[in-house]
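Let's take a walk through this chain together. Have the viewer open and follow along.

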Amino acid sequence: MHWSKRNTEEEVQEEVAVWECESTECVGWMRKNFSFDEKPSCPLCDSSMKSGERMLSKLTNMQGR
């Protein structure tokens, strides 16, 4: 079995603003900072989405490097 240093680093999580699908049959969601629309439709079922928050892995924006 192979182990690397990446496996030993602790994952940093933060509370992130997201859009969540309002349909009870759908599990769609997206980070707000990855959305282009003011009030997007769900990309999976096309239902309306509501504002929410989730504990997610922290992402580093590599744009501009």
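Accessible areas here come from the Shrake-Rupley method with a 1.4 Å probe. On that basis, the chain exposes about 5800 Å², and carbon and sulfur atoms supply 48% of that area. Keep in mind that you're looking at a predicted model. As for what's tucked away, buried residues account for 25% of the 65 residues in the chain.

Now for the fold. What do you meet as you go from the N terminus on? The elements run β-β-β: the chain has three strands and zero helices. Start with strand β1, residues 13–21, which runs antiparallel to strand β3, residues 49–57. Nine bridges join β1 and β3. If you want one to click on, take V18, whose bridge partner in β3 is G52. Strand β1 also pairs with strand β2, residues 29–31, again antiparallel, through three bridges. Here E20 is a good place to look, since its bridge partner in β2 is W29.

Contacts tell you something about how the chain folds back on itself. Take the contacts between residues at least 6 apart in sequence: 57% of them join residues at least 24 apart.

Next, the inside. In soluble globular proteins, nonpolar side chains tend to be buried together. Which residues make up the largest nonpolar core in this model? There are six: W19, C21, C26, M30, C42 and M49. Two of these cysteines are worth a closer look. C21 is buried, with a relative accessible area of 9%, and C42 counts as buried too, at 3% relative accessibility. Leaving out residues up to four places away in sequence, C42 touches C21, C26, G28, S47 and M49.

With cysteines in the core, you may want to check the sulfurs. A disulfide is a covalent bond between the sulfur atoms of two cysteines. How many disulfides does the structure hold? Zero. For C21, the nearest cysteine sulfur is that of C45, 3.5 Å away. For C42, the nearest cysteine sulfur belongs to C26, at 3.7 Å. The cut-off for a disulfide is a pair of cysteine sulfur atoms within 2.5 Å, so C21 is in no disulfide, and neither is C42.

To pull it together: β1 pairs with β3 through nine bridges and with β2 through three, while C21 and C42 both belong to the six-residue core and sit in no disulfide.

Methods. Residues are numbered from 1 along each chain as its sequence is written. This is a predicted model: local features need pLDDT of at least 70, side-chain atom pairs count only at pLDDT 80 or more; totals for chains, interfaces and linings use all residues. Side-chain values use heavy atoms; hydrogens and water are left out. Buried means under 20% relative accessible area, exposed over 50%, partly exposed in between (1.4 Å probe, protein chains only). Helices (H or I, at least four residues) and strands (E, at least two) are DSSP runs, numbered from the N terminus. Contact means heavy atoms within 4.5 Å. A nonpolar core is a set of buried Ala, Val, Leu, Ile, Met, Phe, Trp, Tyr and Cys residues joined through side-chain atoms within 4.5 Å. Two strands pair if DSSP finds at least two bridges between them.
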